[in-house]
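User: I would like to learn how to read strands, burial and cysteines in a structure. Could you take me through an example, step by step?

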Amino acid sequence: MAQAIGEMEAKVNGTELSTADGEADAAGLEGFSREELHALLADMLLYRRFEEKAEEAYAIGKIGGFCHLHIGQEGLAAGAIKPLRGDDLVITAYREHTQAIAKGITPRAAMAELYGRTTGCSGGRGGSMHLFDTSVGFMGGHGIVGGQIPLGAGLGWAIRYRGGDQVCVCFMGDAAVNQGAFLESLNMSAIWRLPVIYVVENNGYGMGTAFSRVSVTDMEARSGACGVPAHTINGQDVLETYRFFEDLAAKVRAGAGPQFVNALTYRFRGHSMSDPVSGTYRSKEEVEAHITQQDPITILRDRMMEAGLLTQEELEAIDAGARSISDDAADFADASPVPDPSTLYDHVYAEINEHGRLFLDGRGERPGDGGPANG
Amino acid sequence: MAEMTYRDALNAAMCQEMDRDDSVFLMGEEVAEYDGAYKVSRGMLERYGDQRVVDSPISELGFAGLCVGAAMTGLRPICEFMTFNFSILALDQVINSAAKMLYMSNGQIPVPIVFRGPTGAALQLSAQHSQACETYYVHAPGVKLVTPATPADAKGLLAAAIRDDDPVAVMEGELLYNVRGEVPDGEYIIPLGVADLKRSGDDVSIVTHGKMVHVALQAAGLLAREGIEAEVLDLRSIRPLDVDAILETVARTNRVVYLEEGWPFAGVGAQIVSMIQDEAFDDLDAPVVRVTQADIPMPYAKNLEQLAKPSAKSVVNACRQVLYLPAA
């Protein structure tokens, strides 16, 4: 990972990109209307400002626990999720704030969840790592590396079982492919031709361990063993990502079976809020090179400006909008109530009959004493 | 009523529920073409087709997680483990996904799944194939657990588990599959959380669950020859737990033996003893005695295996102990 800065230009986390030269080809914008481009830019700027706001709130103790930021990887949230239908399903790991917003969770509901408030999308029970909203097809926010992969296969199974034509997009980090759950899930998906797109957000590092240190094969080889077709894309190019997912989702909807996408990207922040941005595992220079040359937002911005589709004033207005939505989300979260103590035991079980006791700590089943527990 | 085996009663429960609800499907190793490793699903592939009776690869973590994912959308999977020993590979999906999903999602995502298969020891299968897995499951809030001991209970409890909106583990036993008994015809449901008095008696209570019900009944027969009348309370359901039924038997006999197939350390019996001392301390005439598997991995040699397992004789002696009588 210790390339000279000059080499970085053509690489994302050390992998050579095979994409068309966007700068020479103003047509990198082809197929997108001015409105669509503005919307994608606004989406990504919102994700960026939302997470910067979360970072700020974390620093002053408004947000606790683990908080994993997606900053630098926004191209994938917008590019992979925005082309999906409302009834398609998304399931992911714990670096998921922006993906949740991309799928339709409001910034208010997402921020309130980070704050642990009742108005959060998980009622304050989930926190940063467990955002859920079934009404928009966002199936969580899962905290064990690789744990969401079999669940994603199951969502795909359910779609196929019911004869639906939705797709499930299952995100994971690059480190997750070393879990047994990954191989087991891709194998079953291939056997039963499940409509699942497995997406590795390949930012090159599992926490502080470079992928090259924990694998002697390249990423694409991992799904080949199960017979799932692999694709590598530049996740920092939101337009390439968008086109790719629009096309791939249509193919999977039409019965192409499971797919594996190795999306190259880069994390601009530490693994979580408690980690330094750079350090023993990656150099400051490497991080800076990516921030200056591989930021999905500036890449799109520059292209739009060069093509005369975005003025400085428009950019400032979009950014001001993103900041205002993020500020509003934080204000909303801050003003929202914390969960009522009487709900402590709610939703442990969905069904409680009049027989037997489910809790033996003397609390769960006495109304007003942290109960009753009925969902 | 018809006489049938425990195995066929489980099959009847699955067919009863699959007939009435298209969202129920069965997945596991060897459940379809092979008719089930223990033939519990005999004939079901032919009856329901390969979309609803599904042979999985040997990937316990994977197919358990797939079933949990399917349940997150409202399907009702029956996830068969060839034995619960193998489900230890799948515990991440049982505990981190199935048990916690409803809570983490603030009630948005119930997980109506059944995990079923045999638990505990059979005969000379040695350490890795002979362990009672109840504690692993009931330890986690969000999971329910039933342990049918008879064919009728097998039908009624499995059907109730399939209809339940929470993850329910149904723990069976290799040595129970051939047990025969009367089973009610037609739709038959036993609500979770209802214990069953398998034998009445005034002198001492043997509280137990699952396969050990038969050992308890055998011990009660031996005690009866000495003029000691033991009550055998089959919990049937560990979580939810029929606390009232336990407290009633404690109040009646004032002397309790807890019998289980699993290990003693942090075992199910430890929880029951704790509950009894919390809620019925004054009813006790003697400390509760637990009879469990020896606190060791199960040995292979026949004589050592017998020494390690709870036996009717060890239960008889435990009952004599709480009656302050010398060992038989």
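User: Let's begin with pairing: in which sense do β9(B) and β11(B) pair?

Analyst: Generally, strands of a sheet pair through backbone hydrogen bonds, either parallel or antiparallel. Here strand β9 (residues 196–199) of chain B pairs with β11(B) in the antiparallel sense, over 3 bridges. Strands and helices are DSSP runs numbered from the N terminus (strands E, at least two residues; helices H or I, at least four), and two strands pair if DSSP finds at least two bridges between them. Within this pair, B:L197 stands opposite B:L233 of β11(B).

Before we go on, this is a predicted model: local features need pLDDT of at least 70, side-chain atom pairs count only at pLDDT 80 or more, and totals for chains, interfaces and linings use all residues. Residues are numbered from 1 along each chain as its sequence is written, chains are lettered from A and ligands numbered from 1 in the order in which they are written, and side-chain values use heavy atoms, with hydrogens and water left out.

User: What joins β10(B) to β11(B)?

Analyst: Strand β10 (residues 204–208) of chain B runs parallel to β11(B), and 5 bridges join them. One bridge pairs B:I206 with B:V232 of β11(B). Between these two strands the chain passes through helix α8 (residues 212–225) of chain B, making a right-handed β-α-β crossover. Right-handed means that, with the strands pointing away from the viewer, the path from the first strand over the helix to the second runs clockwise.

User: Why is β11(B) described as largely enclosed?

Analyst: In a regular strand the side chains alternate between the two faces of the sheet. For strand β11 (residues 230–234) of chain B, 5 of the 5 residues are buried, so the strand is largely enclosed by the rest of the structure. Buried means under 20% relative accessible area, exposed over 50%, and partly exposed in between (1.4 Å probe, protein chains only). Both faces are covered, with B:A230, B:V232 and B:D234 buried on one side and B:E231 and B:L233 buried on the other.

User: Now a single residue: what is B:V268 in contact with?

Analyst: Contact means heavy atoms within 4.5 Å. Leaving aside neighbours within four places in sequence, the contacts of B:V268 include B:E134, B:H209 and B:Y258. B:V268 lies in helix α10 (residues 268–279) of chain B and is buried, with a relative accessible area of 4%.

User: How do I read the order of strands in the open sheet of chain A?

Analyst: The 6 strands come in the order β4-β3-β5-β6-β10-β9 (chain A), with parallel pairing. At the edges are β4 (138–141) and β9 (230–234) of chain A, each pairing on one side only. Neighbouring strands are turned by 20° against each other on average, direction ignored; axes are lines fitted to C-alpha atoms, for helices over the stretch in contact, and angles run from 0 to 180 degrees between N-to-C directions. Strand β3 (residues 89–92) of chain A pairs with β4(A) over 2 bridges, where A:V90 has A:F138 as its bridge partner.

User: Finally, how many disulfides does the structure hold?

Analyst: A disulfide is a pair of cysteine sulfur atoms within 2.5 Å, and the structure holds 0 over all chains. For A:C67, the nearest cysteine sulfur, that of A:C121, is 13 Å away. A:C67 is buried at 1% relative accessibility. The sulfur of A:C168 is 5.9 Å from the closest cysteine sulfur, in A:C170, too far for a bond. A:C168 is also buried, with a relative accessible area of 0%.
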